[in-house]
Amino acid sequence: QDLWQREIDKYMESVKTNRALGELDHPDSSIINLKNVSHNIKKIWWDGDHVVGVIEILPTPSGNILAALFANNIPVGVSSRGMGSLKQMGEVMEVQDDFELLTWDLVSNPSNPDSWMKNGALNESRTT
């Protein structure tokens with residue numbers, strides 16, 4: 001079973017119920033802290049090996065910062081946040097089957113070099 005497909009399928013319920021909230025920067029917590037929410041993910045779908053989506057910037061303090069960054073053409077990265085174990089596989093750490101996707105946060109420096117907001121849309125490559 002494809003781990004990412006499983007987690008995207010589960011995450012679609014949050015999108016459908018208008019609860020796919022994300023934060024500006026990754027917190028140290030697995031809890032989505034409402035006082036730090038900057039955006040709501042309105043749609044996600046697969047485009048080949050990429051997960052793409054559309055976000056709504058919320059009029060919260062963090063959302064206002066995000067809007068100001070976009071208004072000034074500051075690149076903002078996209079990074080998935082989840083919980084699970086890792087296993088060393090050669091020189092990389094591989095996410096294991098117990099991974100649970102929590103959300104996508106918007107960050108200054110995404111771990112995946114191709115994961116940047118493009119035209120106001122999420123774009124993150126699948127890593128297996």
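This is a short walk through one predicted model, taking the strands, then the core, and then two buried residues.

Let me begin with the strands, since they give us a frame to which the rest can be tied. Strand β1, residues 21-23, is joined by three bridges to strand β2, residues 37-47, and the two run antiparallel; if you would like a place to look for this pairing, find L21, which stands opposite N40 in β2. On from there, β2 is also joined to strand β3, residues 50-57, this time by eight bridges and again in an antiparallel arrangement, with K43 standing opposite V54 in β3. Two residues lie between the strands in the hairpin of β2 and β3, and in that hairpin G48 takes a positive phi near 65°.

Further along the chain there is another hairpin, formed by strand β5, residues 86-89, and strand β6, residues 92-95, which run antiparallel and are joined by four bridges. Here K87 stands opposite E94 in β6, and G90 takes a positive phi near 65° in this hairpin, which has two residues between its strands.

Now to the interior, where the largest nonpolar core has 19 residues, and where Y11, I41, I44, L101, W104 and L106 are the ones that touch the most other members. Helix α1, residues 3-16, supplies at least two residues of this core, as do β2, β3 and β7, the last of these being residues 100-107. Which element gives the largest share of this core? That is α1, with five residues.

Staying with α1, I would like to point out E7, which lies in that helix and which counts as buried because its relative accessible area is 1%, under the 20% cut-off. The side chain of E7 is joined to that of K10 by a polar contact of 3.1 Å, and, if we leave aside neighbours within four places in sequence, E7 is in contact with F99, E100 and L101.

The other residue I would like to show you is S62, in helix α2, which covers residues 61-71. Is S62 buried or exposed? S62 is buried, because its relative accessible area of 13% is under 20%. Setting aside its neighbours within four places in sequence, S62 is in contact with L24, N36, V37 and S38; and although S62 and K35 are 27 residues apart along the chain, their C-alpha atoms are separated by 8.4 Å.

Notes: Residues are numbered from 1 along each chain as its sequence is written. This is a predicted model: local features need pLDDT of at least 70, side-chain atom pairs count only at pLDDT 80 or more; totals for chains, interfaces and linings use all residues. Side-chain values use heavy atoms; hydrogens and water are left out. Two strands pair if DSSP finds at least two bridges between them. Buried means under 20% relative accessible area, exposed over 50%, partly exposed in between (1.4 Å probe, protein chains only). Contact means heavy atoms within 4.5 Å. A nonpolar core is a set of buried Ala, Val, Leu, Ile, Met, Phe, Trp, Tyr and Cys residues joined through side-chain atoms within 4.5 Å. A polar contact is a pair of N or O atoms within 3.5 Å; within protein, one must be able to donate a hydrogen and the other to accept it, and residues adjacent in sequence count only if both atoms are side-chain atoms.
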